[in-house]
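Below are my notes on the model you sent. They take one strand and its neighbours, then the ligand site.

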Amino acid sequence: MAQPASFADLGITQPILAALSDMGFEEPSPIQVQTIPHMLAGRDVIGQAQTGTGKTAAFAVPALQRLDSDGPRPQVLILTPTRELALQVAEEVARIGVNLGAREAAIYGGQPIERQIRALRAGVDVVVGTPGRLLDHLRRGTLELRHLRTVILDEGDEMLDMGFIDDIEAILQAAPGERQTAIFSATVPLPILRLTQRYLRNPVHLRVTPEHLIAPSIEQSYYEVRGIDRTEALCRLIDVLGMGRAIIFCRTKRGVDELTAALQARGYPAEAIHGDMAQPQRNRALARFREGGSELLVATDVAARGLDIEGVTHVINFDIAQSPEAHVHRIGRTGRVGRSGAALTLVLPREVKQLRAIADSTGARIPRGILPSPADVAAAARDSVRRQLLEVLGEADLGECLDLARELAEASSPVMVAAAALKMVLDAGRGSARGGAGGNDSGSDGITAEPGMQRLFVNMGGRQGLRPGDIVRAISGTGGISGGEVGVIDIHDDFSFVEIPRAAADRVIAVLRRTRIGGRPVNAEVARARNGG
Ligand code: AMP
C-alpha cells in the first residue's frame, strides 16, 4: 500500500498540523493513515489497534477537526476503560487541539463528582471518561449528550473485560442517532462485533495487519520498564550488555533531542538524527557515528530509513514501533550481511500487547529480558576494569607507575594500594558520567522529571476545576513555549505538577504568574521535595 507522505496529505488543517509538528510527530503512523481520512469524511470506524500504534491521535485528530466551534457542546465523547487512559487521552486531545482553543474534561470514578459537575457546567467540547462515572452524570442530568457529533470507544475489548458493556450500551442509547461512532480495540471478539452491528452504521474496518512480514533472523528481546525512568533503563542495558555500535529509535523528533541530550549529559557519546535537522548537520552526525567517534545513534524512523551502516551490533527501540513493518525496518539496521546483531525493545506494561502483535505478525520470538539492577551495573563496571587491568598488566611496561607502586607499597600493603587504585577508577567512572549505579529508582516523587525537563509546581488542582488543557493553553500563551513542548501533567486535588523543558523554566514561570485560570491567579514555581508531599 502506498503511504501518503505527510499529515497534510490526510486532509488535516493547519491549526492541527502545527500542533502535531510541535508534538514532534514526523509522519502519520499506519493506523492514522488509514483512519483519519475516513473519520474526517464522517464514516463510522472499527479500528483494530493497540496502545503504541498512535491510535489516540488517529481518532482525536478527526474528532477535533470536525468540531463546530460555534455549536452547542459537548460534541465529542470518548469512553475509556480506566482513569489513567482517560487522563492520557485528555492530555493528547489538549495538545492536538491547542490551536483550536478546544476544551476537554476527563471524567472518571474516584474523583469528587462536584468538581466534575463544575467542569462540565463551564462548558467543554470533548468529554473523556470511564463508562460508570459518565453514566452517573447522565442520570444526574449533569452531562448533556444531545449535541454529540462523535462518540469514540477506546480499548473496546478492555472495557468489555471490565464488565462495562451495559454501561456502554446505555450511553450509546442516550446519544443522538445522527452521530459518528468509532470503536478502537486491540481485538474484535464477538461481543464487540455485536456492539458494532447494533451501534455503528456501515463501518469501515481498519487494521494494520501486514500480509506477510519476515523479521530478519536476529536475536530479539524486550524489557518492561516500570517504576524507573526509561533513560535509566536504557543506560543500564548499555552498561551491562556492552554495545559496539547501537541505533536507538525514538517515536518523535523531540524524543530524539531529549534522549540524546540526556545520554550526552551522562557521558555517553551519542549523535542525533531526525527530520528537523538540516542535511549537512545530519551528515555530520552520521559521519561521526560511522567513523566510530560515537557509539550511539539516536534516530526517528523517518531519519533512519534506508541507512546502511556497517557494524551496528544493536538496535534499541527506546519507544516501541508503531507497526510491525516499522519494527522490521528498524531491526533490519543491524545484523547486515550475515553478521549477528541484537534488537532490544523497551515497553511500558500497557504496550506489551503491541509487542505481542509485532511478534505474532512477524513470526518472531521476542522473549522477555530482565532489566539489569544497579548491582548488575556495578558488577559489569568491575568486570570491565578487571579486563582492562589485565590487558595493561599484559603489556608489562609500567614505567614510572611501577616506581610509584613500590613507594606506596612501603606505606601500605600492596593489596590495599591496588584496592585504592581500583576504587579511584570505579568512582571516576560512576561519578562523572555513567551514573547508572547511583540512579534514581522512584521516578514519581515531586521533583524528578524526565531528563532535560523541569518539574513545576502549580498552585491549582482538580478541585479548582483545573484540566490538562488549561495548563497547556496557559503555557503556550504569549511568550511561553509551544503546546507540544509541555511534558507530563499531573493534576492533584489542590495542586499540580507540569514538566517543561528545563531551559524554558524561568520564562514559563513568568508566563504562568501573569495568567488567570478560571478567574484565579496562578502561582508556579520549580517543584521541590516539599511540594511533592
Ligand atoms: P497511542 O498508541 O495512541 O497510545 O500512542 C502512543 C504514543 O505515540 C503517544 O505518546 C503518542 O503521542 C505518540 N504518537 C502518536 N502518533 C504519532 C506519530 N505519528 N508520530 C510520532 N509519535 C506519535
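1. Start with the pairing of strand β3, residues 104-107, which runs parallel to β4 and is joined to it by 4 bridges. Within this pair, Ala106 has Val128 of β4 as its bridge partner. Between the two strands the chain passes through helix α5, residues 113-122, and this β-α-β crossover from β3 to β4 is right-handed. Please keep in mind that the model is predicted.

2. Strand β2, residues 76-79, also pairs with β4: the two are parallel and share 4 bridges. Here Leu77 is the residue opposite Val127 of β4.

3. Is β4 itself, residues 126-129, covered or open on its faces? Both faces are covered. Val126 and Val128 are buried on one side, and Val127 and Gly129 are buried on the other. Two of these residues recur in the pairings above: Val128 as the partner of Ala106, and Val127 opposite Leu77.

4. Turning to the ligand, 17 residues surround it, and those that come nearest are Glu27, Gln32, Gly52, Gly54 and Thr56. By class, the shell holds 10 polar, 4 charged and 3 nonpolar residues.

5. Which atoms of Gln32 and of the ligand lie 2.7 Å apart? They are an N or O atom in the Gln32 side chain and a nitrogen atom of the ligand. Oxygen atoms of the ligand are approached as well: a backbone N or O atom of Thr53 is 3.0 Å from one, and a polar side-chain atom of Arg251 is 3.1 Å from one. On its own the ligand has 490 Å² of accessible area, of which the protein covers 86%.

Technical notes: Residues are numbered from 1 along each chain as its sequence is written. This is a predicted model: local features need pLDDT of at least 70, side-chain atom pairs count only at pLDDT 80 or more; totals for chains, interfaces and linings use all residues. Side-chain values use heavy atoms; hydrogens and water are left out. Buried means under 20% relative accessible area, exposed over 50%, partly exposed in between (1.4 Å probe, protein chains only). Two strands pair if DSSP finds at least two bridges between them. A crossover is right-handed if, with the strands pointing away from the viewer, the path from the first strand over the helix to the second runs clockwise. A residue is near a molecule or strand if one of its heavy atoms lies within 4 Å of it. A polar contact is a pair of N or O atoms within 3.5 Å; within protein, one must be able to donate a hydrogen and the other to accept it, and residues adjacent in sequence count only if both atoms are side-chain atoms. Accessible areas come from the Shrake-Rupley method with a 1.4 Å probe; for residues, only the protein chains shown count as cover. Ala, Val, Leu, Ile, Met, Phe, Trp, Tyr, Cys and Pro count as nonpolar, Asp, Glu, Lys and Arg as charged, and the others, Gly among them, as polar.
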